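Colleague: Got a minute to walk me through this one? I'd like to go over a metal site and a bit of sheet.

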Amino acid sequence: MGFLGQVNWESTCAEAEAHFIRLLQFNTTNPPGNELPAAEYLAEVLRKEGLEPEVFTSAAGRGNMVCRLKGTGEKAPLLLNGHLDVVPVEESQWKYPPFAGTKAEGYIWGRGAVDMKQMVAMSLMTMILAKRGGAKLKRDLIFAAVADEEAGGAFGAGWLVANHPDQLKAEYGLGEMGGFSMSMAGKTFYPVQVAEKGICWVRITATGEPGHGSIPNPESAPIKLARALRKLGHIKLPQHNTPVVETFLKRLSQNQPFPNSLVLKLLLKPSLSSFILEKLFPDPGLAATFWAMLRNTANPTVLRAGEKTNVVPSIAVAEVDGRLLPGQTKESFLAELREIIGPDLQVEVLNELKPTTADPNDPILDQIAKLVDKHDPGAVVVPNMVPGFTDATHYSKLGVKCFGFSPMKLNPEDNFKSLFHGHNERIPVAGFHFGVRLLAELVEVLSS
Ligand SMILES: [Zn+2]
């Protein structure tokens with residue numbers, strides 16, 4: 001049975017909006033995070049509704065709130081996850097103060113407005129509605145509002161998964177990096193994140209004879225390293241089509257006019273994709289994103305060699321940020337890297353995180369698509385992969401099937417990418433209300 005039968009959406013959205021604005025007013029810039037007051041605020045609200053939230057402190061000031069609404073247990077639990085921390089701001093660049101939660105010009109402004117206090121507020125409202133509705137859900141509903149996502153989650157989801165796994169075990173998890181509307185050639189899409197790339201950070205070391213700077217040496221450590229990095233900049237790692245990206249590109253292509261329809265489909269052909277992305281794509285930023293969806297990537301970020309201008313050092317070091325597609329392993333990635341940089345340099349792995357992926361044909365996507373179509377007729381849901389990682393990487397260790405779906409309707413002129421971590425982060429008021437209702441309805445369907 002559903003729990004939304006009696007709901008007055010106007011007053012519900014106003015209530016959710018008030019909590020959202022309050023959440024934006026907590027300065028949870030990470031570092032240092034200081035999410036505890038926001039976590040306690042949520043717990044207080046939920047306690048007033050008769051729920052029994054718990055706040056876990058992973059370190060001083062780092063609060064994580066978890067709340068469970070018991071169901072009948074016919075189905076495994078559903079987890080709603082939002083992080084409370086936000087990335088830093090350059091306050092002078094903002095039109096409205098970033099921690100005021102200003103409502104103006106049809107938007108709600110503030111750091112965290114789309115990443116991702118909106119989802120925290122929507123999840124809070126869904127919990128409240130489910131409790132007030134009184135109906136027994138077929139599954140437990142778990143709401144986690146966590147610290148530290150922006151720095152990797154060691155004090156947030158990662159800490160909870162390591163220390164309180166039973167609190168979080170679920171069949172499905174709904175979280176970030178999807179559910180926002182995106183316009184393309186007159187058509188609206190809602191990407192839902194089903195996969196995240198993994199990481200494999202490596203240190204490459206070149207060695208050579210040390211010497212005096214007055215005597216040239218084409219085999220010196222800095223020159224060997226520079227040659228290898230130059231190759232990394234020019235030679236492409238091989239393309240791997242993953243099920244998620246295949247479905248993503250095919251569905252985009254089916255919903256685009258010619259020539260977009262053809263170009264998008266041809267990206268799946270390794271012999272053509274480089275040419276298409278380099279020569280035919282109008283927007284280099286978008287091309288780079290597609291690029292990263294089709295390949296492992298290896299991006300040099302840190303360089304170290306030498307201390308004195310007139311001394312040739314014997315060691316030169318580069319750190320490379322490697323990102324792995326779903327289905328790829330550390331070994332397969334290192335083999336690809338070796339193929340490009342050659343056999344001479346030493347390679348060691350600094351950090352590793354496995355890629356995660358859910359099934360791009362999971363039935364939850366059909367349920368999402370039905371509701372999206374109901375509230376935004378004609379819009380198309382596409383499974384998506386993000387080149388970075390989110391809290392989903394932690395929850396997937398517990399077997400949770402994680403989907404990035406924090407529904408919000410943006411205006412066609414808004415660009416999620418530039419709002420995300422950008423100056424003047426904001427969400428349309430109507431788009432937030434859209435999300436409040438859509439998330440609650442989805443949870444109702446999934447737990448009936
Ligand atoms: Zn985020």
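Modeller: Sure, we'll take the metal site and then the sheet, and keep in mind that this is a predicted model.

Colleague: Which protein donors does the zinc ion have?

Modeller: His83 through NE2, Asp115 through an OD atom, and Glu176, which is listed with OE twice. They lie 1.8 to 2.7 Å from the zinc ion.

Colleague: And what spacing do the donors follow along the chain?

Modeller: The pattern is H-x31-D-x60-E. His83 and Glu176 link distant parts of the chain, 93 residues apart. His83 sits in strand E3 (residues 78-83), while Glu176 is in the loop between strand E7 (172-175) and strand E8 (182-184).

Colleague: Are His83 and Glu176 buried or exposed?

Modeller: Both are buried.

Colleague: What about the angles among the four donor atoms?

Modeller: They run from 53 to 152°. Tetrahedral would need all angles between 85 and 135 degrees, and the site is classed as irregular.

Colleague: OK, switching to the sheet. In what order do the three strands come?

Modeller: E4-E5-E19, as an open sheet with antiparallel pairing. Strand E4 (102-104) and strand E19 (426-428) are the edges, each pairing on one side only. The twist averages 25° from one strand to the next.

Colleague: How many bridges are there between E4 and E5?

Modeller: Three, with E5 covering residues 107-109. Thr102 stands opposite Trp109 in E5.

Colleague: Which helix packs on the sheet?

Modeller: Helix H1 (residues 9-24), and it touches E4, E5 and E19. The direction of H1 makes about 30° with that of E5.

Definitions and conventions: Residues numbered from 1 in each chain as written. Predicted model: local features only at pLDDT ≥ 70, side-chain atom pairs only at ≥ 80, totals over all residues. Heavy atoms only, no water. Donors = N, O, S within 2.8 Å, 3.2 Å for Na, K, Ca; no water. Tetrahedral: all angles 85-135°; square planar, octahedral: opposite > 155°, others 65-115°. Helix = DSSP H or I, 4+ residues; strand = E, 2+ residues; numbered from the N terminus. Buried < 20%, exposed > 50% of the residue type's maximum accessible area, 1.4 Å probe, protein only. Pairing = 2+ DSSP bridges. Axes fitted to C-alpha atoms, helices over the stretch in contact; angles between N-to-C directions. Contact = heavy atoms within 4.5 Å.
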